[in-house]
Amino acid sequence: MKLSQGFRMAFKSVWSNKLRTALSMLGILIGVATVIALVGMGQGSKNQVEQQVASLGTNSLSVTITGRGTATSLSLEDALALADISNIEAVAPTVSGNATVKYEKTSTDVTVEGITGHYETVNDFSVQSGRYIAPVDVRNTQKVALIGVDTATELFGSDDPVGEVIAVNGSRFTIVGLLESKGSSLTGSNDEKILIPITTAQKMFDSVGVRSISIKVEDLDRMDQTVAALEASLLETFRGDDSSYRVFNQEDAVETLNSVNETMNTMLLYVAAITLVVGGIGVMNIMLVSVTERTREIGIRKSLGAKRRDILFQFLVEAVVISGIGGALGIGAGFLGSEAIGIANGTDTSVPPQTVAIAFVFSAVVGVVFGIFPANKASRLKPVDALRHD
Amino acid sequence: MIGTKQDALIEITQLVKQYVMGRETVTVLKGVSLSVYPGDFVAIVGPSGSGKSTMMNVIGCLDTPTDGSYKLDGTEVRGLSDNKLADIRNKKIGFIFQGFHLLPKLTALENCELPLIYRGLPAKQRREMAMTALEQVGLGERVHHRPSELSGGQQQRVAIARALATNPPILLADEPTGALDMKTGQEVLSLIEELNRKGHTIVLITHDMDVAKRAGRTVVMRDGELTETVGRRETHEAQPRLPDGVQERLVEQA
């Protein structure tokens with residue numbers, strides 16, 4: 001029997017049982033669609049993380065001071081002295097807190113960060129209009145502020161905020177600069193904050209030392225040595241109490257995030273694979289029913305000279321046709337699904353073409369694997385028994 | 001024993017068929033011998049349970065004998081592989097079943113093409129051969145009808161056409177009139193007779209003596225043993241038909 005003839009026979013048989021075919025296809029369809037949608041989603045979120053990481057810069061470190069009291073706090077001078085460590089380009093100590101900001105009758109709660117001028121280089125966060133916090137502001141505890149774009153829009157609408165006076169926790173501050181838009185990062189929104197000189201912030205929040213320091217490293221390759229030197233210096237300052245501070249490597253954070261992402265995706269893929277296997281079992285089930293139902297047909301075909309391989313081929317092709325069409329439809333459904341998820345979550349999704357190919361081939365393989373058992377069962381029927389069956 | 005002429009189409013010698021049912025072994029055919037020559041029209045008659053269906057399955061290569069020898073067109077069938085048996089069924093035997101055994105989803109023409117598909121013939125040749133066979137049974141007009149759109153007699157004629165399509169040396173008919181009324185049954189039998197006159201070798205299995213009468217030669221199956229009617233063993237070629245009286249008696253015995 002020729003190949004094309006076999007396919008024609010299989011299509012005819014599959015077509016004449018539309019409802020059953022559709023139902024058994026559904027399992028494969030859902031499986032393939034899940035794979036495609038999940039891979040698309042995973043790729044999308046991976047791309048997103050990579051973008052965020054790029055915006056953060058991998059050449060930064062952050063130090064968090066967790067200790068309390070004078071013995072375990074870091075003074076502004078100590079923090080600035082860390083810049084002397086080799087390979088450290090700039091140090092940006094911050095003190096932060098929450099405050100209510102009021103302009104005329106509008107008020108809002110924002111994060112207030114006390115900074116030095118180095119904040120601009122270290123965090124790559126500049127102003128779009130006005131000026132930055134200058135060293136003189138820090139030295140003289142000036143009441144000047146930089147305002148984030150979202151907060152500015154909230155308080156001033158479309159008006160230019162530079163030069164306006166706002167009340168931060170009741171104290172009057174002059175806005176000297178409007179920060180550029182930076183969007184959200186891992187630590188929250190960058191556009192809903194107010195930056196003031198660190199000395200002013202220390203007074204406002206009644207804070208003796210600094211609570212966190214962002215550090216920019218010159219040479220990324222010497223990151224490990226720099227971290228070691230930094231920790232040594234801090235250990236000396238805190239007199240051997242290594243529980244009062246934490247050095248946080250941005251790169252580590254990124255890696256952790258990526259690996260979490262990866263684990264999630266792999267898990268989802270396993271789930272999708274299980275769905276496909278379940279779909280395959282569905283196809284096998286239907287094919288077994290079909291074999292039993294068509295026992296007499298098999299008997300007739302055998303009495304007319306069908307060889308075992310003819311019958312085997314016939315049922316195998318039917319299984320592959322069912323799962324193949326299911327797979328093809330699943331790819332379509334998966335594309336639509338990942339688009340829909342992307343729109344619903346506001347994230348990008350992208351389906352790599354090789355995933356589509358793999359999913360389709362896999363669904364056809366599922367057809368073969370789960371078709372073999374019923375097809376073999378059919379081909380082994382003895383013609384005399386099969387003919388007698390009714 | 002039955003003559004061992006070289007040109008015998010079917011030559012069965014001391015054939016035994018046993019089935020294992022649970023712990024018991026049932027012997028259905030107890031050393032049966034039969035020869036069928038080209039152009040013969042042989043009827044195997046017997047009551048139900050006599051083993052004639054098993055006989056037909058063995059002759060049709062649907063089942064394999066336990067012991068003895070079965071030569072079909074000079075080839076020993078016993079011990080052949082499934083594939084070889086399928087090949088023999090395809091090339092040497094045309095089946096005509098009691099229940100027609102047509103595939104309901106295929107048209108008359110497609111049903112007739114089926115054995116030719118398994119022979120691996122190209123589509124055009126298949127179509128021609130199937131058409132010729134259908135015209136031979138007088139169904140040239142209804143080739144695109146499905147079995148459900150045909151009467152019982154027409155269905156059986158499609159089945160006969162299917163059997164004829166491959167030009168097999170033997171037509172094996174198992175109760176061909178069993179599912180038909182008197183009149184259409186007679187028509188189908190006339191068709192079979194006509195095919196015999198045209199040179200086809202026919203083996204007909206039936207329990208109905210009236211049907212068996214139409215055959216040129218009758219053998220009786222009883223309890224797994226075969227009895228050739230008197231005087232036939234040596235002279236079956238010379239004598240075309242037994243006197244009716246003898247056959248009548250056989251029916252009563254059966």
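This is a short dialogue on reading helices, strands and burial in a predicted model.

Trainee: Where do I start with chain B? How many helices and strands does the secondary structure of chain B come to?

Mentor: Nine helices and ten strands. Chain B has 254 residues, and 54% of them count as buried. Its accessible surface comes to about 11200 Å², with 48% belonging to carbon and sulfur atoms.

Trainee: What share of the contacts in chain B joins residues at least 24 apart?

Mentor: Take contacts between residues at least 6 apart in sequence. Of these, 70% join residues at least 24 apart.

Trainee: Now a single helix. Is helix H1 of chain B mostly covered or mostly uncovered?

Mentor: Burial means under 20% relative accessible area. By that cut-off, seven of the eight residues in H1(B), residues 52–59, are buried. Among them are B:Lys52, B:Met55, B:Met56 and B:Ile59. Just after this helix, B:Cys61 has a positive phi of about 60°.

Trainee: A cysteine raises the next point. How many disulfides does a search of the whole structure find?

Mentor: First the general idea. A disulfide is a covalent bond between the sulfur atoms of two cysteines. The search finds zero over all chains. Two cysteines of chain B are still worth a look. B:Cys61 is buried, at a relative accessible area of 1%. B:Cys112 is buried too, at 0%.

Trainee: How do I check the length of a helix? What should helix H4 of chain B span?

Mentor: Use 1.5 Å a residue. H4(B) runs over residues 123–136, so its 14 residues should span 20 Å. The end C-alpha atoms are 20 Å apart, which agrees.

Trainee: Which residues of H4(B) are buried?

Mentor: B:Arg126, B:Ala130, B:Ala133 and B:Leu134. They lie on the same side of H4(B), because they cover an arc of only 100° around the axis. On the other side, B:Lys124 and B:Glu135 are exposed. After the helix ends, B:Gly138 takes a positive phi of about 80°.

Trainee: What do the buried residues of H4(B) pack against?

Mentor: Elements from both chains. In chain B, they pack against helix H3 (108–119) and helix H5 (152–165). In chain A, the partner is helix H1 (3–15). A:Gln5 is found in that chain A helix. Setting aside neighbours within four places in sequence, A:Gln5 is in contact with B:Ile117 and B:Arg126.

Trainee: Is A:Gln5 buried or exposed?

Mentor: Buried, because its relative accessibility is 11% and the cut-off is under 20%.

Trainee: On to strands. In what order do the strands of the open four-stranded sheet in chain B stand?

Mentor: S2-S1-S4-S5, with antiparallel pairing. The edge strands are S2 (24–36) and S5 (75–76), each pairing on one side only. Inside the sheet, look at S1(B), residues 10–21, and S4(B), residues 67–72. They pair in the antiparallel sense over five bridges. For a register point, B:Val16 stands opposite B:Asp67.

Trainee: And chain A? How many bridges pair strand S2 with strand S3?

Mentor: Nine, in the antiparallel sense. S2(A) covers residues 88–103 and S3(A) covers 106–115. A:Val101 stands opposite A:Thr108. Their hairpin has two residues between the strands, and A:Glu104 takes a positive phi near 50° there.

Trainee: Does S3(A) run parallel or antiparallel to strand S10 of chain A?

Mentor: Parallel, with five bridges joining S3(A) to S10(A), residues 193–197. Here A:Ile115 stands opposite A:Pro197.

Conventions. Residues numbered from 1 in each chain as written. Chains lettered and ligands numbered in written order. Predicted model: local features only at pLDDT ≥ 70, side-chain atom pairs only at ≥ 80, totals over all residues. Heavy atoms only, no water. Buried < 20%, exposed > 50% of the residue type's maximum accessible area, 1.4 Å probe, protein only. Contact = heavy atoms within 4.5 Å. Areas by Shrake-Rupley, 256 points an atom, 1.4 Å probe, with all protein chains shown as cover. Disulfide = S-S within 2.5 Å. Pairing = 2+ DSSP bridges. Expected span 1.5 Å × (residues − 1). Arc of directions from axis to C-beta.
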